[in-house]
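Please write a short report on this protein for a first-year student. Start with the whole chain, then move to its parts.

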Amino acid sequence: MTSEPSTRTAAPATYAERLRAPWWMWPVALGCSALLAAEIWMGSDGLRAWVPFAVLLPLSLLLPWWLGRIKVAVTTSEFQADDARLPLAVISDVVPLDADGKREVLGVGAHPLAFVIQRPWIGGAVQIVLDDPQDPTPFWVISTRRPVELATAVLAARRAG
């Protein structure tokens with residue numbers, strides 16, 4: 001940790017979305033951990049009777065929470081996807097993708113250097129084409145539930161900046 005103040009300031013977001021886990025993932029995770037805890041228990045007495053339930057059931061709720069932690073945002077100066085930040089100046093184009101377009105971009109012909117944040121339970125995505133000779137990454141593919149709105153927000157923020 002340095003004593004220098006951070007040069008990054010929090011700009012107001014023109015678009016923000018959290019890629020939360022779907023509702024059905026919570027009971028599935030809870031059911032799987034309850035089944036595993038019951039198999040560990042198997043009618044025993046003592047610690048094996050309650051420790052698997054006390055440990056596994058709360059831990060099973062952390063998985064959907066952890067999978068839904070990704071935040072996508074567009075500010076006046078950058079595009080943010082989780083901890084990754086992309087200055088708007090290096091973006092040349094943004095393409096909204098439906099489920100078929102996302103499958104095509106991430107399929108057999110996918111570029112190996114592309115930056116991808118993909119959630120399989122989210123059908124849409126955006127492809128952000130970069131114009132940065134210093135960066136070998138040709139494009140980003142980011143899952144989003146509202147690809148057209150996100151693409152519009154990125155392009156509008158880029159034009160405004």
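The accessible surface of the protein comes to about 10,000 Å². Carbon and sulfur atoms hold 62% of that surface. Such areas are computed by the Shrake-Rupley method with a 1.4 Å probe, and for residues only the protein chains shown count as cover. This is a predicted model: local features need pLDDT of at least 70, side-chain atom pairs count only at pLDDT 80 or more, and totals for chains, interfaces and linings use all residues. Residues are numbered from 1 along each chain as its sequence is written, and side-chain values use heavy atoms, leaving out hydrogens and water.

**Overall build**

The protein has four helices and eight strands. Both are DSSP runs numbered from the N terminus: helices are H or I with at least four residues, strands are E with at least two. Along the sequence they follow the pattern β-α-α-β-β-β-β-α-β-β-β-α. The radius of gyration, taken over C-alpha atoms, is 21 Å. The globule rule (2.2 Å times the number of residues to the power 0.38) gives 15 Å for 161 residues, so the protein is more spread out than a compact globule. The C-alpha trace spans about 65 × 45 × 25 Å along its principal axes.

Of the 161 residues, 37% count as buried. Buried means under 20% relative accessible area, exposed means over 50%, and partly exposed lies in between (1.4 Å probe, protein chains only). A contact means heavy atoms within 4.5 Å. Among contacts with a separation of 6 or more, 67% join residues 24 or more positions apart.

**The sheet**

One open sheet has four strands in the order β5-β7-β8-β6, with mixed pairing. Two strands pair if DSSP finds at least two bridges between them. The edge strands, β5 and β6 (115-117), each pair on one side only. From one strand to the next, the twist averages 10°. Strands of a sheet pair through backbone hydrogen bonds, either parallel or antiparallel. Strand β7 (residues 125-130) pairs with β8 (residues 139-143) in the antiparallel sense over five bridges. Val-126 stands opposite Ile-142 in β8.

Helix α4 (residues 147-160) lies across β5 and β7. Its direction is at about 165° to β5. Axes are lines fitted to C-alpha atoms, for helices over the stretch in contact, and angles run from 0 to 180 degrees between N-to-C directions.

**Helix α2**

Helix α2 (residues 47-67) has 21 residues. From first C-alpha to last it reaches 31 Å, close to the expected 30 Å. The expected span is 1.5 Å times one less than the number of residues. Which residues of α2 are buried? They are Pro-52, Leu-56, Ser-60, Pro-64 and Leu-67. An α-helix has 3.6 residues a turn, so residues three or four places apart point the same way. The buried residues of α2 pack against α1 (25-41).

**Three loop residues**

| Residue | Loop | Relative accessibility |
|---|---|---|
| Met-42 | between α1 and α2 | 61%, exposed |
| Asp-82 | between β3 (78-81) and β4 | 27%, partly exposed |
| Leu-88 | between β4 (84-87) and β5 (91-97) | 5%, buried |

Met-42 has a phi near 45°, a positive value in a residue other than glycine. Asp-82 is not a glycine, yet its phi is positive at about 60°.

Leu-88 touches Thr-75, Thr-76, Ser-77, Glu-78, Phe-79, Val-154, Ala-157 and Arg-158, not counting residues up to four places away in sequence. Leu-57 is 31 residues from Leu-88 along the chain, and their C-alpha atoms are separated by 43 Å.
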